[in-house]
Amino acid sequence: MGQFEINEVSDRIQHLAENILGRGIIETMSRVCERYGLRENEFRKYDVYKIITKDGKRIMKKASDCEASNYKKYLNTNRFNVPSYYGSYVDGKDLWIILENIEGNDLRDMTDELAIEAAESLAVIQNAYWNCTDTERFETYLKRIEKRYSFIKDNDVIGKAYKIFLERQLVCPRTMSNGDFLEFNSVNHEGKVYIIDWGFGGILPYSLDIARFIAHATENRATFPFYMNEKQKKLFVDHVYELLNMKPDYEQYLYDIKLAILNEYVEFIEADEDEDNWYLEHANILAKELIESN
């Protein structure tokens, strides 16, 4: 129901921010919350703080080692539409990072222009790290999808198609990926799409981000509250392909994306987050298509 901020900043939190940015930089700080109901107490407090400095707005958040590493190793450059990274600080078992605060709306209400801008933001990053040899994140991902296959393999149709997906992941080109490229993790800032929240990112098969961005968006918002029509999905998919410097054959590209969409559907079936069987129904249809095309 929307984010808001409260004036709740302890001396410890202030000290953490100063350790990253330096003293005398911070003008004000506030804690980010999100309302989930109409009652006064129906909101969540996050380990996220908005900071106002003389040089602009910042966000301090509790982060994973993976997210901090992604910013330091891959994203800390002005070539990409991602938040600028200002540093980190370890406080006991907790890691805190400070990033640029990107103002704007997310992409839950898609337009043709935003579909094209999202494709451009993603393709620039993919081009920069195409065929990167870092395997750390991929190895974790591979264990996860092998476990997912063990869950679905007894389904004659979906299991057979998922095995095709699993085998393709071993040879599919890899690049820097957000790992959770949903419309909520994209911000329309002055007409440009910025990709945020890189906690699940790393060097992964290129098709994953493309597939996740379109898999859960529908014209009737059947699953997530994301609107995207078929024309916009095609605009996004085709524009990414046009911009890639190195790329598979177009038919292989489309097949890779469909395989990755199947993985998206199976993820929600496995997690028991498919109350209306939307994902199961669509996974069955897609699985049959994949098997026939293989």
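This report covers a six-stranded sheet, the helices on it, one buried glutamate and one helix pair in a predicted model.

**The sheet**

Six strands make up an open sheet. Their order is E1-E2-E3-E4-E6-E5, with antiparallel pairing. Strand E1 (3–6) and strand E5 (85–91) are the edge strands, and each pairs on one side only. From one strand to the next, the twist averages 30°. Strands of a sheet pair through backbone hydrogen bonds, either parallel or antiparallel.

Three of the pairings are set out below, each with one pair of facing residues.

| Strand pair | Bridges | Facing residues |
|---|---|---|
| E1 and E2 (residues 26–35) | four bridges | Phe-4 and Cys-33 |
| E2 and E3 | eight bridges | Ser-30 and Lys-50 |
| E3 and E4 | six bridges | Ile-51 and Arg-58 |

E3 and E4 also form a hairpin, with two residues between them.

**Helices on the sheet**

Helix H1 (residues 11–21) lies across five strands: E2, strand E3 (43–53), strand E4 (56–63), E5 and strand E6 (94–100). H1 runs at about 130° to E5. Helix H2 (residues 65–75) packs on the sheet too, where it touches E4, E5 and E6. The direction of H2 makes about 40° with that of E6.

**Glu-67**

Is Glu-67, a residue of helix H2, buried or exposed? Its relative accessible area is 4%. The cut-off for buried is under 20%, so Glu-67 counts as buried. Leaving aside residues up to four places away in sequence, Glu-67 touches Lys-61, Ile-97, Asp-197, Trp-198 and Gly-199. Lys-61 lies within the E4 range, 56–63, and Ile-97 within the E6 range, 94–100.

**The H4 and H8 crossing**

How do helix H4 (residues 136–152) and helix H8 (residues 250–270) cross? Their axes come within 10 Å and cross at roughly 70°. Angles of 65 to 115 degrees count as roughly perpendicular, so H4 and H8 are roughly perpendicular to each other. The crossing of H4 past H8 is left-handed.

Which residues meet there? H4 supplies Arg-144, Ile-145, Lys-147, Arg-148, Phe-151 and Ile-152. H8 supplies Asn-263, Val-266, Glu-267, Ile-269 and Glu-270. By class, this contact has five nonpolar, one polar and five charged residues. Among the charged ones are Arg-144 and Lys-147 in H4, and Glu-267 in H8.

Key: Residues are numbered from 1 along each chain as its sequence is written. This is a predicted model: local features need pLDDT of at least 70, side-chain atom pairs count only at pLDDT 80 or more; totals for chains, interfaces and linings use all residues. Side-chain values use heavy atoms; hydrogens and water are left out. Two strands pair if DSSP finds at least two bridges between them. Axes are lines fitted to C-alpha atoms, for helices over the stretch in contact, and angles run from 0 to 180 degrees between N-to-C directions. Contact means heavy atoms within 4.5 Å. Buried means under 20% relative accessible area, exposed over 50%, partly exposed in between (1.4 Å probe, protein chains only). Angles under 35 degrees count as roughly parallel, over 145 as roughly antiparallel, 65 to 115 as roughly perpendicular and the rest as oblique. A crossing is left-handed if the near helix is turned anticlockwise from the far one by less than a right angle, and right-handed if clockwise.
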